[in-house]
Amino acid sequence: MPRPKHPQIVTANDLFEGDVIYLTGEGGWTRLHGDAAVAHDPDEAQRLLAVAQAQSGQIVGAYLADAVIGPDGRPQPVHFREAFRTRGPSNHFHGKQAEV
């Protein structure tokens, strides 16, 4: 398996609430992109993805997403789609956007 260009995190949707969530290092879930567990190699990325996929009663649609490590040492989205997903629903005054 080729080495990815970027570190990766696991993202999914909460099965019951629909929110975008990210796998943490403890195997739980957070709604904060910056708190996601970061895989720096393909084997670790696949291990994290397997942890997520084993939680099919809680999540749906788990996949690996590229990230970069920001100045604060936390993962940040690389692609527009992932940056967009961090902001919550696309219609204003729902979810995370209501808090802004």
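What share of the contacts in the protein chain with a separation of 6 or more comes from residues 24 or more positions apart? The share is 51%. With that in mind, let us walk through this predicted model, beginning with the overall layout and moving on to the strands, a few individual residues and the salt bridges.

## Overall layout

The protein chain contains two helices and five strands. Followed along the sequence, these elements come in the order β-β-β-α-β-β-α. The chain has 100 residues, and 36% of them count as buried. About 6000 Å² of the protein chain is exposed, with 55% of that area supplied by carbon and sulfur atoms.

## Strand pairing

Strand 4, which spans residues 59-69, is a good place to start. Strand 1 (residues 8-14) runs antiparallel to strand 4, and six bridges join the two. One place to look is Asp14, whose bridge partner in strand 4 is Ile59.

Strand 4 also runs antiparallel to strand 5 (residues 75-77), and here three bridges make the connection. Along this pairing, Ala67 stands opposite Pro77 of strand 5. Five residues lie between the strands of this hairpin, and Gly73 there takes a positive phi near 85°.

## Two strand residues: Thr11 and Val60

Is Thr11 buried or exposed? Thr11, a residue of strand 1, has 0% relative accessibility and therefore counts as buried, the cut-off being under 20%. Leaving aside residues up to four places away in sequence, Thr11 touches Val20, Ile21, Tyr22, Gly61, Ala62, Tyr63, Ala65, Glu82 and Arg85. One of these neighbours, Ile21, also places its backbone oxygen 3.1 Å from a polar atom of the Thr11 side chain.

Val60 makes a useful second stop. This residue lies in strand 4 and is partly exposed, with a relative accessible area of 43%. With residues up to four places away in sequence again set aside, Val60 touches Ala12, Asn13 and Leu15. Val60 and Ile21 are 39 residues apart along the chain, and their C-alpha atoms are separated by 10.0 Å.

Which residues make a nonpolar surface patch with Val60? Leu15 and Phe16 do, and the patch covers about 320 Å². Phe16 sits in the loop between strand 1 and strand 2 (20-23). Its relative accessibility is 69%, so Phe16 counts as exposed, for which the cut-off is over 50%.

## Salt bridges

How many salt bridges does the structure hold? There are eight, and the table shows some of them, including the N to O distances.

| Acidic residue | Basic residue | N to O distance |
|---|---|---|
| Glu17 | Arg31 | 3.0 Å |
| Glu44 | Arg47 | 3.0 Å |
| Glu82 | Arg85 | 3.3 Å |

Take the salt bridge between Arg31 and Glu17 to begin with. Arg31 belongs to the loop between strand 3 (29-30) and helix 1 (42-53), while Glu17 belongs to the loop between strand 1 and strand 2, so this pair ties together parts that are 14 residues apart in sequence. Arg31 is partly exposed at a relative accessible area of 32%, whereas Glu17 is exposed at 55%.

The pair formed by Glu44 and Arg47 has another setting. These two residues are three residues apart in helix 1, which means that about one helical turn separates them. Glu44 is partly exposed, its relative accessible area being 27%, and Arg47 also counts as partly exposed, at 43% relative accessibility.

Where do Glu82 and Arg85 lie? They are in helix 2 (residues 80-85), three residues apart, and so about one helical turn separates them. Both Glu82 and Arg85 are buried. Beyond these pairs, salt bridges that share partners join Asp14, Glu17, Asp19 and Arg31 into one network.

## Drawing the threads together

Some residues turn up in several of these descriptions. Asp14 is the bridge partner of Ile59 and also a member of the salt-bridge network. Glu82 and Arg85 form a salt bridge with each other, and both are touched by the buried Thr11 of strand 1. Val60, for its part, touches Leu15 and shares the nonpolar surface patch with Leu15 and Phe16.

Note on methods
Residues are numbered from 1 along each chain as its sequence is written. This is a predicted model: local features need pLDDT of at least 70, side-chain atom pairs count only at pLDDT 80 or more; totals for chains, interfaces and linings use all residues. Side-chain values use heavy atoms; hydrogens and water are left out. Two strands pair if DSSP finds at least two bridges between them. Helices (H or I, at least four residues) and strands (E, at least two) are DSSP runs, numbered from the N terminus. Buried means under 20% relative accessible area, exposed over 50%, partly exposed in between (1.4 Å probe, protein chains only). Contact means heavy atoms within 4.5 Å. A polar contact is a pair of N or O atoms within 3.5 Å; within protein, one must be able to donate a hydrogen and the other to accept it, and residues adjacent in sequence count only if both atoms are side-chain atoms. Accessible areas come from the Shrake-Rupley method with a 1.4 Å probe; for residues, only the protein chains shown count as cover. Patches are made of residues with over 30% relative accessible area and no salt bridge: like charges are joined within 9 Å, nonpolar side chains (Val, Leu, Ile, Met, Phe, Trp, Tyr) within 5 Å. A salt bridge is a side-chain nitrogen of Lys or Arg within 4 Å of a carboxyl oxygen of Asp or Glu.
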